[in-house]
Amino acid sequence: MNKCLAIIREKGVLEFLKRVKVYVCIRLSSLLARMLYPIFSLLPLQNKVVATAFQGKKYGDNPAYIFEAINQKNTGIKLLWMVDGKFEVPQWVKAIPYSGLLLTRYHLATAKVIIDTHHFHAWTKKRKGQLYIETWHGGLGIKKLELEVPEFQNLKWLKDLTAHTCRMADVFISQSDHLSRIYRSAFHYDGLIFKCGYPKNDILINGDAACRELVRSYYNIDKETRIFLYAPTYRSSFFDKIDMSQFIIDTDALRKALESKFGGKWVIMFRWHPKFAEQLSQEYKENSSGTIDSTDFQDMQKLLLGVDVVLSDYSSCIFDAALLDIPCFTYATDFDIYKAERGVYYEMEELPFPYARNNEELIENIKNYDHEAYLERWCAFKERMGLYEPGNASVVISDIIINFIHNNILDLT
């Protein structure tokens with residue numbers, strides 16, 4: 001009551017009434033949402049698949065490649081993608097709001113198959129006859145996940161959401177023994193794990209020359225110019241203020257080193273994590289001439305097919321890039337801090353990628369790069385992690401989905 005009176009005194013009756021209206025609308029919407037899902041769950045299940053990636057922030061990653069494989073089989077199965085943002089989906093995919101009150105709840109309650117890369121809506125409840133596939137997205141990633149992250153362990157909402165996702169899931173897909181172990185330890189998941197490879201990596205294993213031309217055409221880069229991609233990841237410590245110094249690279253020295261070691265003309269491309277892309281890329285543009293911001297390129301795997309060298313810090317994308325057998329390097333000035341805050345599954349020196357703590361070491365790593373020795377280290381690392389990327393994961397999973405929709409059987413053989 002005192003708070004309400006304070007608002008009235010400070011901003012007037014109209015402002016107070018507006019706030020009351022917003023509050024009432026939110027409460028009514030929440031109540032209606034809780035009522036709608038159980039009602040929609042009384043309807044028959046339909047031959048359709050609902051998927052999303054990164055909480056609706058993009059069309060891509062493993063679910064998108066599963067969709068592509070299903071669509072190529074021309075099965076007549078409806079494919080729907082939950083969207084929270086402005087991006088395009090293929091014409092043969094129906095876009096629905098990620099947090100829609102009616103459409104989203106209706107389709108989730110009546111779809112035979114649901115696919116996701118993250119946690120799923122807490123208000124969902126899987127019905128008998130539905131199949132939920134959790135694809136995740138990190139693979140051989142360096143940074144710890146879920147309940148193994150020190151700062152996450154006291155977050156009740158995350159524990160609850162992780163537990164809900166694990167209860168929902170009929171199967172988690174994996175591309176390595178390493179990831180399978182993480183599902184058990186970090187997610188506390190005790191269900192089925194299907195080690196079939198990552199659908200998004202099929203395109204890397206099989207190769208796609210057209211993607212190289214696509215990237216160059218998109219950014220107006222000539223065929224002779226080679227591309228160096230720098231793709232760092234997010235730090236949770238940047239929530240309040242981003243420390244730009246972590247990402248400063250001497251682009252002039254880097255370009256000279258690349259030209260000297262590998263020959264040809266080089267362009268340097270940056271791809272920022274979406275959580276701080278806008279701020280960082282603008283600041284970096286002011287300090288880095290002759291570079292390209294590729295954050296807007298929707299499909300990371302296709303972008304990797306178009307580049308010649310990859311640099312990252314703790315992003316799992318470097319393991320995807322290594323599948324192409326191209327030179328990959330790591331650069332991180334804050335590893336000890338990151339290790340203490342986030343937790344890691346490897347020391348940087350354990351990885352097959354030459355590791356630099358500063359610009360000088362990065363330039364030296366490029367100058368001294370030995371491709372044959374690098375490939376030997378990469379092959380040994382893949383064997384140690386139990387990596388399995390056969391190049392047909394999207395086809396295998398699409399067949400499982402189609403069989404489930406038509407025969408109500410989950411067959412992972």
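Okay, one definition before we start: when I say a residue is buried, I mean its relative accessible area is under 20%. Keep that in mind for helix α3, residues 103–110, which is mostly covered, with 6 of its 8 residues buried. The buried ones are Thr104, Arg105, His107, Leu108, Ala109 and Thr110. And please remember that this is a predicted model.

Let me step back to the whole chain. We've got 15 helices and 13 strands here. The chain runs to 413 residues, and 53% of them count as buried. The accessible surface is about 19,900 Å², with 53% of that belonging to carbon and sulfur atoms. Now, take the contacts between residues at least 6 apart in sequence: 68% of those join residues at least 24 apart.

So what's inside? The largest nonpolar core has 66 residues. The ones with the most contacts inside that core are Phe228, Tyr230, Met269, Phe319, Cys328, Phe353 and Trp378. There's also a second, separate core of 55 residues, and Tyr37, Leu145, Ala169 and Ile182 are among its members.

Let's pick Phe353 from the first core. Setting aside neighbours within four places in sequence, Phe353 is in contact with Ile318, Phe319, Ala322, Cys328, Phe329, Thr330, Tyr374 and Trp378. You'll notice Thr330 in that list, and I'd like to follow that one up.

Thr330 sits in strand β12, residues 328–331. Is Thr330 buried or exposed? Buried: its relative accessibility is 0%. From Thr330 to Phe353 you count 23 residues in sequence, and their C-alpha atoms are 6.1 Å apart in space. Phe353 has plenty of company around that threonine, too. Again leaving out residues up to four places away, Thr330 touches Leu311, Ser312, Asp313, Ile318, Met348, Phe353, Pro354, Tyr355 and Ala356.

From the second core, let's take Ile182. You'll find Ile182 in helix α5, residues 177–186. At 3% relative accessibility, Ile182 counts as buried, because the cut-off is under 20%. Which residues does Ile182 contact, apart from its neighbours within four places in sequence? Those are Leu145, Phe187 and Tyr345. Leu145 belongs to that second core as well. If you look at Glu146, its C-alpha is 9.3 Å from that of Ile182, with the two positions 36 residues apart along the chain.

Next, a pair of helices. Have a look at α8, residues 251–262, and α13, residues 359–367. They pack at an angle of about 10°, and their axes are 9 Å apart. That angle is why we can call α8 and α13 roughly parallel to each other. On the α8 side, the residues involved are Ala253, Leu254, Ala257, Leu258, Lys261 and Phe262, and they meet Ile363, Ile366 and Lys367 in α13. Sort that contact by class and you get 7 nonpolar residues, 2 charged and no polar ones.

Now for the loops. Ala122 is in the loop between β4, residues 111–116, and β5, residues 131–134. Why does Ala122 count as exposed? Because its relative accessibility is 57%, and the exposed class starts over 50%. Exposed or not, Ala122 does have contacts with residues further along: it touches Leu161 and His164, not counting residues up to four places away in sequence. Ala122 and His164 are 42 residues apart along the chain, yet their C-alpha atoms are separated by 6.8 Å.

My last stop is the loop between β1, residues 46–51, and α2, residues 61–72, where you'll find Phe54. Gln55 is in the loop between β1 and α2 as well. A bit of background: most residues other than glycine have a negative phi. Phe54 isn't a glycine, but its phi is positive, about 55°. For Gln55, also not a glycine, phi is positive at about 55°. As for cover, Phe54 is partly exposed, with a relative accessible area of 23%. Gln55 is partly exposed too, at 31%.

If you open the model afterwards, I'd start with Phe353 and Thr330, which are in contact, and then turn to α8 and α13. Happy to take questions.

Terms used:
Residues are numbered from 1 along each chain as its sequence is written. This is a predicted model: local features need pLDDT of at least 70, side-chain atom pairs count only at pLDDT 80 or more; totals for chains, interfaces and linings use all residues. Side-chain values use heavy atoms; hydrogens and water are left out. Helices (H or I, at least four residues) and strands (E, at least two) are DSSP runs, numbered from the N terminus. Buried means under 20% relative accessible area, exposed over 50%, partly exposed in between (1.4 Å probe, protein chains only). Contact means heavy atoms within 4.5 Å. Accessible areas come from the Shrake-Rupley method with a 1.4 Å probe; for residues, only the protein chains shown count as cover. A nonpolar core is a set of buried Ala, Val, Leu, Ile, Met, Phe, Trp, Tyr and Cys residues joined through side-chain atoms within 4.5 Å. Axes are lines fitted to C-alpha atoms, for helices over the stretch in contact, and angles run from 0 to 180 degrees between N-to-C directions. Angles under 35 degrees count as roughly parallel, over 145 as roughly antiparallel, 65 to 115 as roughly perpendicular and the rest as oblique. Ala, Val, Leu, Ile, Met, Phe, Trp, Tyr, Cys and Pro count as nonpolar, Asp, Glu, Lys and Arg as charged, and the others, Gly among them, as polar.
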